[in-house]
Amino acid sequence: MDKKKVKDYMTYDVVSVDISGTAKDVIEKIQKTHHDGFPVVDGSVVVGYVSARDLLFVQAATPIGQVMSDNLIVADPDMDINDA
C-alpha cells in the first residue's frame, strides 16, 4: 500500500494576501472568502501567515507585516502525512 503524502491533502488554489496590505484588507478578504487566515506573500514568496485572531485589537490601517506570524512550521509536499 502506498503511503499518503502531504501533497495528497494540500490545497493548490490558495488565497493569499500581500505584505503591503493592511488589517482592513485582510478583514475584507475574510468577509469575502469566509476563510479565517491567509498566507502572506511578498511577490511570489510566502513570508508569513495572518489569521483573524491576529487582527483582534489592531487598527484597520495596521500593516499586515506588523501582525502576521513569520516563524512558520511547514511541511514538504513529499513528506509522509503521518510524519506531518
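The chain holds two helices and three strands, where helices (H or I, at least four residues) and strands (E, at least two) are DSSP runs numbered from the N terminus. The structure is a predicted model, in which local features need pLDDT of at least 70 and side-chain atom pairs count only at pLDDT 80 or more, while totals for chains, interfaces and linings use all residues. Residues are numbered from 1 along each chain as its sequence is written, and side-chain values use heavy atoms, with hydrogens and water left out.

Read from the N terminus, the order of elements is β-α-β-β-α. The C-alpha trace spans about 50 × 25 × 25 Å along its principal axes. The accessible surface comes to about 6400 Å², with 51% of it belonging to carbon and sulfur atoms; areas were obtained by the Shrake-Rupley method with a 1.4 Å probe, and for residues only the protein chains shown count as cover. Of the 84 residues, 24% are buried; here buried means under 20% relative accessible area, exposed over 50%, and partly exposed in between (1.4 Å probe, protein chains only). Among contacts (heavy atoms within 4.5 Å) with a separation of 6 or more, 50% link residues 24 or more positions apart.

It is convenient to take the sheet next. Its three strands follow the order β1-β2-β3 in an open sheet with mixed pairing, two strands being paired if DSSP finds at least two bridges between them. Strands β1 (17-18) and β3 (45-51) are at the edges with a single partner strand each, so one side of each has no neighbour in the sheet. The parallel pair is β1 with β2 (residues 37-42), joined by two bridges, and in this pair V17 stands opposite V40 of β2. The antiparallel pair is β2 with β3, joined by six bridges; within it, F38 has V50 of β3 as its bridge partner. These two strands make a hairpin with two residues between them, and G43 in the turn has a positive phi of about 70 degrees.

Helix α1 (residues 23-33) lies across β1, β2 and β3 and runs at about 130 degrees to β2; axes are lines fitted to C-alpha atoms, for helices over the stretch in contact, and angles run from 0 to 180 degrees between N-to-C directions. The helix has A23, V26 and I30 as its buried residues. Viewed down the axis of α1, these fall within an arc of 60 degrees, so they line one face of the helix, the arc being that of the directions from the helix axis to the C-beta atoms. They pack against β1, β2, β3 and α2 (64-67). On the face turned away from the buried side, α1 carries the exposed residues Q31 and K32. After the helix comes H34, which has a positive phi near 65 degrees.

The interior can be described through its core. A nonpolar core is a set of buried Ala, Val, Leu, Ile, Met, Phe, Trp, Tyr and Cys residues joined through side-chain atoms within 4.5 Å. The largest one has 11 residues: V17, A23, V26, I30, F38, V40, V50, L55, I64, V67 and M68. At least two residues of this core come from each of α1, β2 and α2, and α1 gives the most, with three. One member, V17, touches V26, K29, F38, P39, V40, V41, V50 and I64, residues up to four places away in sequence not being counted.

A few individual positions complete the picture. S51 belongs to strand β3 and counts as buried, at 17% relative accessibility; apart from neighbours within four places in sequence, S51 is in contact with D36 and G37. T62, in the loop between β3 and α2, is buried too, with a relative accessible area of 14%. Residues up to four places away in sequence aside, T62 touches G21, T22, A23 and V67. K7 lies in the segment before β1 and is partly exposed, at 37% relative accessibility. With residues up to four places away in sequence again left out, K7 touches Y12, P77 and D78. The C-alpha atoms of K7 and M68 are separated by 25 Å, the two residues being 61 apart along the chain.
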